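Student: Hi! I have a structure open and I'd like to walk through it with you. Can we start with one residue and work outwards?

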Amino acid sequence: MEPLTPINLSSEKTDLTENLTSAEMGKLWATYMGNSMSGCIIRYFLQHVDDQDIKTLLENALKLSKEFMKTTETIFKKENFPIPKGFSEEEDLNVGAPRLFEDEYYVHYLKYAAKAGLSIYHIAVPLVYRKDVEEFFIYCLDSTIALMKQIKEILMGKGLIIKPPIIPVPDKVEFVQKEFLNGFLGDVRPLHALEVTHLYDNIENNVTSKALIMAFSQVVKSEKIRELFIRGKKMTHKHVEAYMEKLHKEDLPTPSYLDHLVTKSTFAPFSDKLMLFHKMDMFSMKLRAFGNSEAVNGRHDIGLMYTKSLLRLASFVEDAAEIMVENGWMEQPPYAIERNKLAKNE
């Protein structure tokens with residue numbers, strides 16, 4: 001497995017009179033927070049890994065996470081921007097905790113985390129203009145894609161995953177008829193390629209998410225957060241079953257559950273703050289994924305299914321956010337000027 005190439009920002013001097021835009025601030029802040037959290041997770045994984053290929057993969061991922069944080073800090077310091085608190089090994093990680101996951105889970109987790117990173121970086125690239133920030137996000141995108149390639153090589157090489165379903169090549173170009181949108185009544189057409197793609201992707205994301213929230217529910221200290229995690233586990237299972245049913249009805253294969261990759265440990269490797277933030281962030285990513293799925297869907301039954309999923313997820317994320325705020329754990333992203341307060345001299 002080849003190591004990833006380190007970042008090499010242009011030596012051309014950035015114009016420091018060019019202020020960071022809201023997009024640049026927001027995406028840099030999200031990059032720092034996300035990698036601060038994932039760095040703690042990966043450090044713990046490295047304490048309990050036997051497979052050498054997976055260990056190298058984790059080391060590559062941790063190296064990237066550290067590099068992304070370091071570069072983000074450098075840009076923030078140029079702007080006298082306060083470095084976010086994020087998460088730390090001292091406050092949020094117990095490296096001495098027993099093994100909570102089997103080696104295989106780490107690869108599935110890294111794929112999910114890489115998807116989350118790509119969702120930040122690919123949106124950032126068209127929206128950022130300052131040269132140093134633009135080059136940084138292009139590097140983040142390229143290096144995360146390279147990491148994803150390594151992840152997929154291990155998943156396929158070790159037989160840990162199945163590819164998305166195979167469907168027939170069309171015989172000819174066709175145009176849809178009015179029953180194209182049917183899902184409950186009348187003739188219901190087979191799933192088209194994009195619907196199959198997003199059902200598969202949502203199953204893959206959710207089986208990874210379910211195993212993680214199940215593990216967190218075993219080790220979390222706060223009973224209130226445990227109850228929320230158990231609710232999230234049941235909700236995620238319900239979603240997976242619904243998506244699997246759509247594919248199974250058409251005799252298409254689906255990714256498998258990963259629950260068996262969680263051990264019976266009840267010792268927390270992470271702080272309650274980190275685990276709650278992680279699930280809030282993970283479920284927020286699922287909101288984006290369901291939105292993307294609904295955008296390319298054409299059947300009423302699938303559209304309704306995703307709408308219900310979105311509503312349940314939004315409720316979970318809001319409840320998680322309330323607990324974060326109650327405990328003083330939620331850091332505030334950069335925000336616009338409150339003009340009304342200025343006008344009132346508040």
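**A chat about contacts, pockets and cysteines**

Tutor: Sure! Leaving aside neighbours within four places in sequence, Ser65 is in contact with Asn35, Ser38 and Gly39. Keep in mind that this is a predicted model.

Student: Okay, where does Ser65 lie?

Tutor: Ser65 lies in helix H2.

Student: And is Ser65 buried or exposed?

Tutor: Ser65 is buried, because its relative accessible area is 3% and buried means under 20%.

Student: Let's talk pockets. What volume does the largest pocket have?

Tutor: The volume of the largest pocket is about 890 Å³. It has 42 lining residues, and those closest to the centre are Ala30, Gly34, Met37, Ile120 and Asp281.

Student: Which helices supply at least two residues of that lining?

Tutor: Helix H1 (22-47), helix H2 (52-78), helix H4 (103-127), helix H5 (131-157) and helix H8 (272-296) each do.

Student: How many of the lining residues are nonpolar, polar and charged?

Tutor: The lining of the largest pocket divides into 26 nonpolar, eleven polar and five charged residues.

Student: You mentioned Gly34. Where is the place of Gly34?

Tutor: Gly34 is in helix H1. With 23% relative accessibility, Gly34 counts as partly exposed. If you want a feel for distances, Gly34 and Val169 are 40 Å apart in space, C-alpha to C-alpha, and 135 residues apart in sequence.

Student: What about the second largest pocket, how many residues line it?

Tutor: The second largest pocket is lined by 18 residues, and Pro170, Glu174, Pro190, Leu191 and His192 lie nearest its centre. About 600 Å³ of space lies in that pocket. Its lining divides into twelve nonpolar residues, one polar and five charged.

Student: New topic: how many disulfides does a search of the whole structure find?

Tutor: The search finds zero disulfides.

Student: Why is there no bond between Cys40 and Cys140?

Tutor: The sulfur of Cys140 is the closest cysteine sulfur to that of Cys40, but at 18 Å it is too far for a bond. A disulfide needs the two sulfur atoms within 2.5 Å.

Student: Are those cysteines, Cys40 and Cys140, buried or exposed?

Tutor: Cys40 counts as buried, at 1% relative accessibility. Cys140 counts as buried too, at 0%.

Student: Speaking of buried things, which residues touch the most other members in the largest nonpolar core?

Tutor: Phe101 and Phe137 do, in a core of 99 residues. The elements that give two or more residues to this core are H1, H2, H4, H5, helix H6 (193-219), H7, H8 and helix H9 (300-326).

Student: What does Phe137 touch?

Tutor: Not counting residues up to four places away in sequence, Phe137 touches Lys27, Leu28, Thr31, Tyr121, Ala124, Val125 and Val128.

Student: Is there a general reason to look for a core like that?

Tutor: In soluble globular proteins, nonpolar side chains tend to be buried together.

Student: I also clicked on Tyr139. Is Tyr139 buried or exposed?

Tutor: Tyr139 counts as buried, at 12% relative accessibility. Tyr139 lies in helix H5. Tyr139 and Val49 are 90 residues apart in sequence, and their C-alpha atoms are 28 Å apart in space.

Student: Let's do loops now. Where does Asn80 lie?

Tutor: Asn80 lies in the loop between H2 and helix H3 (89-92). Phi of Asn80 is near 55 degrees, a positive value in a residue other than glycine.

Student: What do most residues do there?

Tutor: Most residues other than glycine have a negative phi.

Student: Good to know! What is phi of Asp251 near?

Tutor: Phi of Asp251 is near 60 degrees, and that is a positive value in a residue other than glycine. Asp251 lies in the loop between helix H7 (223-248) and H8.

Student: Are Asn80 and Asp251 buried or exposed?

Tutor: Asn80 counts as exposed, at 71% relative accessibility. Asp251 counts as exposed as well, at 71%.

Student: Last one: what does Thr266 touch?

Tutor: Thr266 touches Gln218 and Val219, not counting residues up to four places away in sequence. The place of Thr266 is in the loop between H7 and H8, and Thr266 is exposed, with a relative accessible area of 53%.

Methods. Residues are numbered from 1 along each chain as its sequence is written. This is a predicted model: local features need pLDDT of at least 70, side-chain atom pairs count only at pLDDT 80 or more; totals for chains, interfaces and linings use all residues. Side-chain values use heavy atoms; hydrogens and water are left out. On a 1 Å grid over the protein atoms alone, a cavity is a set of points where a 1.4 Å probe fits but cannot get out, and a pocket is an open set with protein on both sides within 12 Å along at least five of seven lines; lining residues have an atom within 4 Å of a point. Grid points are joined across faces, edges and corners, and a volume is the space filled by probe spheres set on the points. Helices (H or I, at least four residues) and strands (E, at least two) are DSSP runs, numbered from the N terminus. Ala, Val, Leu, Ile, Met, Phe, Trp, Tyr, Cys and Pro count as nonpolar, Asp, Glu, Lys and Arg as charged, and the others, Gly among them, as polar. Buried means under 20% relative accessible area, exposed over 50%, partly exposed in between (1.4 Å probe, protein chains only). A nonpolar core is a set of buried Ala, Val, Leu, Ile, Met, Phe, Trp, Tyr and Cys residues joined through side-chain atoms within 4.5 Å. Contact means heavy atoms within 4.5 Å.
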